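Welcome, and thanks for taking a look at this one. Here is a short tour, from a few local backbone details out to the chains as wholes.

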Amino acid sequence: MSSQTLPITHEMPREHYLNATYGIRSWLLTTDHKRIALLYLASVTFFFFIGGLFATMIRIHLLTPAGFLVTPETYNKLFTMHGVAMIFFFLIPSIPAVLGNFLVPMMIGAKDLAYPKINLLSWYIYLIGGGFVLYSFSTGGLDTGWTFYTPLSSVYSNSAVTPAVIGIFINGFSSILTGLNFIVTIHTMRAPGLTWFRLPLFVWAQYATSIIFILGTPVIAITLLLVGLERMFHLGFFNPALGGDPILFQHLFWFYSHPAVYIMILPAMGVVSEIIPTFARKPIFGYTFIAGSSIAIAVIGFVVWAHHMFLTGESVYAALAFSLLSYLVAIPSAVKVFNWTATLYKGSVSYDTPMLYALGFIGLFLIGGLTGLFLACLGLDIHIHDTYFVIAHFHYIMVGGAVMGYVGGLHFWWPKITGKLYPEFLARIAAMVLFVGFNLTFFPQFILGYLGMPRRYHMYPPEFQVLNVMSTAGASILALGYLLPMIYLTWSMRYGKVAGPNPWPATGLEWQTTSPPPTENFDVTPVVDWEPYDFDHRPDLGLTAGAGELAPSHGDD
Amino acid sequence: MHRTGELYGQFETLEQQKDTATLGMWIFLATEVLFFGGLFLIYSINRHMYSDAFGVGSNTLDLKLGGFNTVVLILSSLTMAMAVWSAQTGKKKFIPIFLILTLLLGTVFLGVKVVEYKQKFDHRLIPGQSFDISYHANHPTASDKPADIAAEKEELEKAFHADPNLNSHAQLYFSLYFGMTGLHALHMVVGAGLLLWLLKQSIAGRFTPSYNTPVEIIGLYWHFVDIVWIYLFPLLYLIERHR
């Protein structure tokens with residue numbers, strides 16, 4: 001690792017954003033995007049634990065064919081609350097609100113986001129929405145599935161649906177405001193010389209994500225609001241008893257909730273696009289294609305929603321069109337994967353912890369993405385619809401993709417966020433534990449699904465037990481893989497070695513300032529006169545001094 | 001972030017600050033379009049499916065009140081535009097006057113809406129157990145003209161003949177009526193709150209030709225809310241008036 005070969009010992013800067021002001025008020029009323037990012041870090045981690053707790057109970061319950069932990073009704077609530085906590089309150093805000101909040105202004109050389117107060121407001125909105133959802137969880141729970149299909153959610157369910165939909169409705173505005181803030185910031189706050197095609201790919205990914213935030217989230221907000229109105233005031237929008245169309249709810253729900261998957265995966269792709277060139281020591285291959293493919297995924301993502309509804313009796317022509325359009329998403333996704341692999345080719349690859357996560361991401365995303373094509377295939381989807389195959393597929397995307405990207409990004413920028421290094425050896429072990437645990441948990445579920453085990457059932461035929469026990473065993477390894485980083489990252493905040501401004505070294509603007517950065521990010525507004533990820537023309541990184549090997553640029557080889 | 005005069009710390013120039021605020025409001029309005037878009041979609045599909053029920057429902061609305069409200073709202077857009085113009089051209093004394101006029105017109109609109117809602121409540125047109133699309137025709141009050149009641153009865157009879165489940169389907173119409181106008185009214189209330197804040201600032205003399213972004217972007221919001229009504233009025237009030 002290059003930072004170990006450097007003879008320089010670093011010192012923490014005297015004043016930085018963490019110690020500029022003290023006291024609980026200075027955190028709860030802060031408008032500093034970096035502090036707000038840490039507030040989000042704490043709150044999404046909290047929801048990750050809640051969701052993880054439900055997942056643990058699900059996996060324990062499924063150890064035996066008859067199910068051995070909870071009643072069928074409680075089991076329905078467990079998978080519902082797992083989904084709601086993880087999707088709306090962990091995965092969607094995770095990378096944008098934590099890493100995006102911290103990094104977007106720094107990567108573009110700005111002092112803060114365009115609307116610092118609205119940024120703080122969006123955190124409070126998240127907390128209020130989260131409060132409603134926790135109220136729902138603790139007063140009867142929620143048993144509709146995270147999809148809230150009507151008329152179960154609007155008429156028949158006896159669980160606490162109303163506070164849950166109010167909570168998700170409110171939380172939607174947190175996403176909208178974050179997305180709005182990012183788009184405006186990226187348009188108007190870039191440093192001199194930082195043209196669109198010099199932007200880091202993480203910023204491109206955040207931009208694409210923000211497009212989905214602002215155009216998709218209002219649709220789920222209104223849809224769930226209407227479900228709430230049906231429940232509370234007996235209005236009818238989707239109620240078949242009045243002639244309303246419950247399938248219409250599904251259309252509106254998936255119009256947001258399919259693009260929401262890209263809200264989760266796009267930022268993770270952005271993280272990987274930052275990590276790969278840094279640890280291959282060469283410019284990223286096909287910059288414009290990676291940037292453009294982020295936008296393409298966001299745009300195409302809006303026209304594939306009805307592939308969740310092949311079995312609702314939608315017209316065969318609609319199904320054909322949505323199947324074809326869903327295949328199209330594979331093109332920009334594959335563009336990214338091929339470009340990352342091409343970047344690795346002949347690079348001076350070092351296997352630091354963030355790189356392990358990025359490589360893990362590529363592998364798991366590949367499996368998750370390709371199995372997505374199985375599900376986009378009309379004939380095959382009828383066989384594996386609503387089975388564990390679907391569960392395995394989207395966990396490969398959401399956990400293997402999005403969460404790997406998130407944890408990898410945390411490791412990559414942790415020295416910048418805290419100014420400290422974590423124990424590298426332990427971190428590499430944890431990355432591998434996570435990878436093994438993840439695959440052991442979810443790969444058996446592909447087989448279970450293909451053999452016909454349906455999702456959301458509290459029991460299963462005895463012949464499926466071996467694979468289910470494997471999955472549960474994998475889940476406990478996976479849990480260890482999450483606990484380890486949580487422990488040593490927290491430990492490193494106090495006891496870690498001082499990182500210095502640019503430990504890897506990496507090329508982005510955020511590495512030009514001290515770690516941790518000052519409140520205003522840069523002492524003087526930086527001027528950008530280099531191309532992105534250009535290691536060759538950056539003597540300031542210290543690579544030419546023999547500290548680390550430099551790979552040939554494309555065209556040299 | 002500290003602020004120097006009118007310039008907030010995260011910006012370099014006032015021009016950048018103004019561009020940022022305006023862009024932000026336009027993006028917010030884009031999200032609002034999609035927010036209302038969900039309701040417009042549900043409206044279109046259900047109206048296509050149950051055009052008889054939607055026609056009957058629409059004809060129960062009071063065209064005079066709705067038309068009056070439309071005029072009121074368009075006038076409020078005019079006064080809002082005048083407030084923006086006053087701020088841009090430095091006519092400081094006019095800004096509060098036009099803002100107060102806008103606020104008054106907005107309040108009149110909401111007041112008329114309350115009268116309309118009350119009428120629907122009296123006629124048992126609130127979706128739920130006691131919803132009865134024929135209630136008014138069967139229970140006329142002294143102020144109703146017999147000829148109107150006879151026409152209404154005849155229309156209902158025809159509609160029930162074409163659609164035996166009229167009473168259910170009309171509830172879909174009224175759910176949309178209350179959902180759409182209710183959300184619109186909520187936006188008006190938010191707008192009124194913003195106007196009050198603007199009023200306070202403008203009386204303090206904060207808005208000058210070089211700094212008037214808040215007036216401008218709240219103006220954008222107000223016009224957007226008016227435009228929503230321009231779509232709601234024909235969709236809810238005018239669809240079956242040719243009968």
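Asp386(A) is partly exposed, since 14 other C-beta atoms lie within 10 Å, a count between the 12 or fewer of an exposed residue and the 20 or more of a buried one. Please keep in mind that this is a predicted model. The points below begin with backbone features like the one at Asp386(A), whose phi is positive, and then move to helices, chains and the interface.

**Positive phi outside glycine**

- Most residues other than glycine have a negative phi, and most peptide bonds are trans.
- Asp386(A) has a phi near 55°, a positive value in a residue other than glycine.
- You will find Asp386(A) in the loop that runs between helix 14 (378-384) and helix 15 (388-418) of chain A.
- His234(A) is another non-glycine residue with a positive phi, here near 60°.
- The loop between helix 8 and helix 9 of chain A is where His234(A) sits.
- Is His234(A) buried or partly exposed? With 18 other C-beta atoms within 10 Å, His234(A) is partly exposed, because a buried residue needs 20 or more.

**Cis peptide bonds**

- Trp504(A) and Pro505(A) are joined by a cis peptide bond, with omega near -10°.
- Pro505(A) lies in the loop between strand 2 (497-498) and helix 18 (543-547) of chain A.
- The bond from Ser515(A) to Pro516(A) is cis as well, and its omega is about -10°.
- Pro516(A) also belongs to the loop between strand 2 and helix 18 of chain A.

**Helix 4 of chain A**

- Helix 4 covers residues 72-107 of chain A, which makes 36 residues.
- From its first C-alpha to its last, helix 4 of chain A reaches 49 Å, close to the 52 Å expected at 1.5 Å a residue.
- Where does helix 4 of chain A bend? The bend is at Pro93(A) and amounts to about 55°.
- Of the 36 residues in helix 4 of chain A, 32 are buried, so this helix is largely enclosed by the rest of the structure.
- Gly109(A), just after helix 4 of chain A, takes a positive phi of about 75°.

**Helices 16 and 17 of chain A**

- Helix 16 of chain A spans residues 424-451, and its 28 residues should cover 40 Å at 1.5 Å a residue.
- The end C-alpha atoms of helix 16 of chain A are 41 Å apart, which agrees with that expectation.
- After helix 16 of chain A comes Gly452(A), with a positive phi near 110°.
- Helix 17 of chain A (residues 465-495) contains Tyr482(A).
- Tyr482(A) has 19 other C-beta atoms within 10 Å and is therefore partly exposed, as 20 would be needed to call a residue buried.
- Tyr482(A) and Leu380(A) are 102 residues apart along the chain, and 34 Å separates their C-alpha atoms.

**Chain A as a whole**

- Chain A contains 18 helices and two strands.
- Its C-alpha atoms fill a box of roughly 70 × 45 × 45 Å along the principal axes.
- A compact globule of 557 residues would have a radius of gyration near 24 Å, and the 23 Å of chain A agrees with this.
- Buried residues account for 57% of the 557 residues of chain A.
- Among contacts in chain A with a separation of 6 or more, 85% are between residues 24 or more positions apart.

**Chain B as a whole**

- Chain B has two strands and eight helices, in the order β-β-α-α-α-α-α-α-α-α along the sequence.
- The box filled by the C-alpha atoms of chain B is roughly 70 × 35 × 30 Å along the principal axes.
- Of the 243 residues in chain B, 33% are buried.
- For contacts in chain B between residues at least 6 apart in sequence, 76% join residues at least 24 apart.

**Where the two chains meet**

- In the interface, 32 residues of chain A are in contact with 30 residues of chain B.
- On the chain A side, the elements giving two or more residues are helix 7 (161-188), helix 8 (201-233) and helix 9 (246-280).
- Which element of chain A gives the most to this side? Helix 8 does, with nine residues.
- By class, the side of chain A that touches chain B has 21 nonpolar, eight polar and three charged residues.

Notes
Residues numbered from 1 in each chain as written. Chains lettered and ligands numbered in written order. Predicted model: local features only at pLDDT ≥ 70, side-chain atom pairs only at ≥ 80, totals over all residues. Helix = DSSP H or I, 4+ residues; strand = E, 2+ residues; numbered from the N terminus. Contact = placed C-beta atoms within 7 Å. Nonpolar A, V, L, I, M, F, W, Y, C, P; charged D, E, K, R; others polar. Expected span 1.5 Å × (residues − 1). Bend = angle between axes of the 7 residues up to and from the residue. Rg over C-alpha atoms; globule rule 2.2 N^0.38 Å.
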